Each structure stands twice: as C-alpha cells, then as structure tokens.
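Let's work through some exercises on charged pairs and on how two parts of a protein meet. Keep the structure open beside you and try each task before reading its solution.

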Amino acid sequence: MERPEVGELAPPDRLLMGPGPSDVHPRVLRAMSTTLVGHLDPAFVEIMDDVQDLLRYVFRTDNQWTIPVSGTGSASMEAAVANLTEPGDTVLVPGNGYFGERMAAMVERAGGEAVFVEAPWGEPLDPADVAAAFDQYQPDILGFVHAETSTGALQPQVSELTSIAHEHDALVIADTVTSLGGVELRVDEWGIDVAYSADQKCLSCPPGASPLTLNDRAMDKVLGRETPVRSWYLDLSLLQEYWGDERAYHHTAPITNVYALREALRLVAEEGIENRWERHTRVAGALKAGVESMGLELNPDEDWWLPSLNAVRLPAGVSDDDVIEPLLDEHGIEIAGGLGALSGDVLRIGCMGHSARAENVLALVGALGSTLEDVGADVNADAGLNATRRALRR
Ligand code: PLP
C-alpha cells in the first residue's frame, strides 16, 4: 500500500439550510478547540452537570434522567426505543413519515411488535385515529414524531395524544430531533414520558451528543425490565452509573462534543427558549412568505407548518437536482430533496438554530428564485424576495 498524498483539510464555506446539520455558532466551534480533560476529571463532572441542567431547561422538564447520548440522533432514538421496548411489547408508531418507519425497525430489533397508525405523508396524526388504534391494538408504548423532517409537518395536539396513551396505561416516546430548541416543546406540561433529539438541528452543534430525557415512570420500566436491553452501549441501566450520581466509567464520553453541546445550550439559555421559538417562527415565516409569493407551494397545510423544516413542492417540469446542485455550486447553499414517499416531489429547506437568521433567509430566497428562473420555471423571483424583505421588517 503506497503512502497516500492527502492535502490539508479545507472544507468549502457553505450556508447550511438543509434538513441538518445547520450552521454552527463560532462560540461552539471555539468551545470544541479548548483543551481536553478526562471524562472522569472533576472538572468534566461539573461540565456534565451543566449540560444536564441546560438540557432540562431546553426540554422544559424536571426529569432527573436527562442526558446527552454518545452518537447522533439515531443513537438517542435507539436508546429510547430499545430501553422502553421489552420483547413481546406492542408499540404504536406513526405511518406519516420516514422516521416513523425507522422507529418501527428499531422496535422490531428490540423484540417488540410495531403497529402503525396511519396518516398521509405531510399530515399529522389525528388523535381520533390514535384512540382507535389503541382500542384495536392495546399497545404498551406510543411513539410519535413531533417534527417530521421528511415531510415538514409538525404534530400539533401533543397533549391529546399523551392523554390517550396514559388512559390506556401506555408510555409515550416523542421524536423531537427537529423541534428541540427551535419549535415550542414542553415535555412535562404535555405529558411526554420520553423525548429524544439530536444536536445538529435547532441546537446548531456538530452531530455527536444527542439529548434524551425520561421521566420516573419510564425509568421505572427500564430498571424493572425482565430481560436486559439488547444493546450494551445504550443500556440506560448501565449508563446511569456514569450520568447518575456515581459518575463511574461506562464508556469514554465524546468530550469535545459535550463541550460543544454545553456552549450551544448556553446560547439557547442566553437567548431564552421562548424567544428562540419566536425567532424560528419569524425568520422561517419570512422564508415561507418568500417562496409562496414567488409562486411555490409548501407541502404541509398552514395548520401544521413546521418552521424548522420547510418542504416546498417542486414546480412542474423541474427536478430537485435542477435546483439543489446550482444552489450548492454557485451560491454555496445546501438544501435537500425529498425523502421516501416525497422523493422527487419537494425541496427541503431547513431554518434551524444559527442558520435561522434574516440574512440567510434573504440569501436563500434570492438564490432559489434566480435558480428557478434560470431553469425556466414559472416563478416570480422578485416578488419572492420582496415578500421576504417585507416579512423581515415586521
Ligand atoms: N429523527 C428525525 C425526525 C430526524 O430528522 C433524524 C435525522 O435527520 C433522525 C431521527 C436521526 O438522526 P441522525 O441522522 O442524527 O442519526
């Protein structure tokens, strides 16, 4: 094997307006370049405490069991699903997007049976359908996706879903990957037993330390399991030795990612969580006004529009590559195409965390309009840009 000739790392400058990761705040990047300490150093133990306190603030919860899971969002997702699902459990999962399917796959691997409550892709679950599915299947757990990144649909009426589950003595797992830190989310008030998330979306961190919170009822189920969790790495009864009072070794924490998360969460706390939700709604609202005034349509209905992820229907005769490639190559802006059932039908434009700023949305709407005009789409780029400007002035 010859010695490879590899040059210095020089990633291009991008504006990240896709489904994640989002742009990282310079303070977070600086935190990542600070010196390493050991994962059991008393100084790191204090950092762990800070992160847990800040995560409770952002999740709006008093749950003692609030931690960053080592790995990306799928790791905290699997930690939630694998620990809560005992072999033989029935888990009701959403059929209205890509990530409900991933949840089902994780349930099956944990030895449970996944059953679906259906809604069209791009629409939320209807509480009446969830209630009917409870009568039909008597599930032990309800999983739902609060912010479906594949369709741009928000799940409203969360308290109604959790009430139905609790009336049937079931636990509720919420996927808050694309909502935490960007869209109103109140874990305790809304009766969510377990919520998992990721840090590269509305928290604007590099991926690697993924928030998870469980209430006592959920943790009682985990600690009282008859069979051990099939994953050693994600077994919360073992992880509690590190993230609980003992602070004993389980695995080496991704220290730099924990630094990054601490700084990103500090930025959320400085801004104020409610102000941050409001900023996402305002800035993404200007994006939405721009694309709609240009002549495009958002895929989801106004009532369940998701500010952090805008799924825009492609105009007739235009493919997603016609838009995605020039935006990246000529404007340095990353957006994405559709996933699963919406593949080829929509563009997915994120408006998350540090990327959710007026100047970014103006750049995006301007570049999108001119790119679409260049490929002959029937849009009015100037009208779009003017609408975004007007919305941002309000
Ligand atoms: N759930 C949702 C709603 C997501 O959008 C994603 C990622 O985009 C995940 C789960 C999985 O997260 P990750 O890709 O960080 O593993």
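**Exercise 1.** Find how many salt bridges the structure holds.

*Solution.* Start with the rule: a salt bridge is a side-chain nitrogen of Lys or Arg within 4 Å of a carboxyl oxygen of Asp or Glu. By this rule, the structure holds 17 salt bridges. Before going on, note that this is a predicted model, where local features need pLDDT of at least 70, side-chain atom pairs count only at pLDDT 80 or more, and totals for chains, interfaces and linings use all residues. Residues are numbered from 1 along each chain as its sequence is written, and side-chain values use heavy atoms, leaving out hydrogens and water.

**Exercise 2.** Work out which parts of the chain the pair Asp 50 and Arg 262 links.

*Solution.* First, check the distance: the closest N and O atoms of Asp 50 and Arg 262 are 2.9 Å apart, in a salt bridge. Next, place the residues: Asp 50 sits in helix H2 and Arg 262 in helix H9 (residues 255-271), so the pair joins distant parts of the chain, 212 residues apart. Helices here are DSSP runs of H or I with at least four residues, strands are runs of E with at least two, and both are numbered from the N terminus. Last, look at exposure: Asp 50 is partly exposed at 26% relative accessible area, and Arg 262 is also partly exposed at 26%. (Buried means under 20%, exposed over 50%, and partly exposed in between, with a 1.4 Å probe and protein chains only.)

**Exercise 3.** Describe the salt bridge between Glu 263 and Arg 266.

*Solution.* Begin with the atoms: the closest N and O are 3.0 Å apart. Then count along helix H9: the two residues are 3 apart, which means about one helical turn separates Glu 263 and Arg 266. Now compare exposure: Glu 263 is buried at 10%, whereas Arg 266 is partly exposed at 33%. Finally, widen the view: Arg 27, Glu 263, Arg 266 and Glu 270 are linked in a network of salt bridges.

**Exercise 4.** Find the salt bridge across the interface of domain 1 and domain 2.

*Solution.* Set the bounds first: domain 1 covers 26-270 and domain 2 covers 273-393, as given by an automatic or database domain assignment. Then search the interface: the rule finds 1 salt bridge there. The side chains of Glu 274 and Arg 186 meet in a salt bridge at 3.2 Å, N to O.
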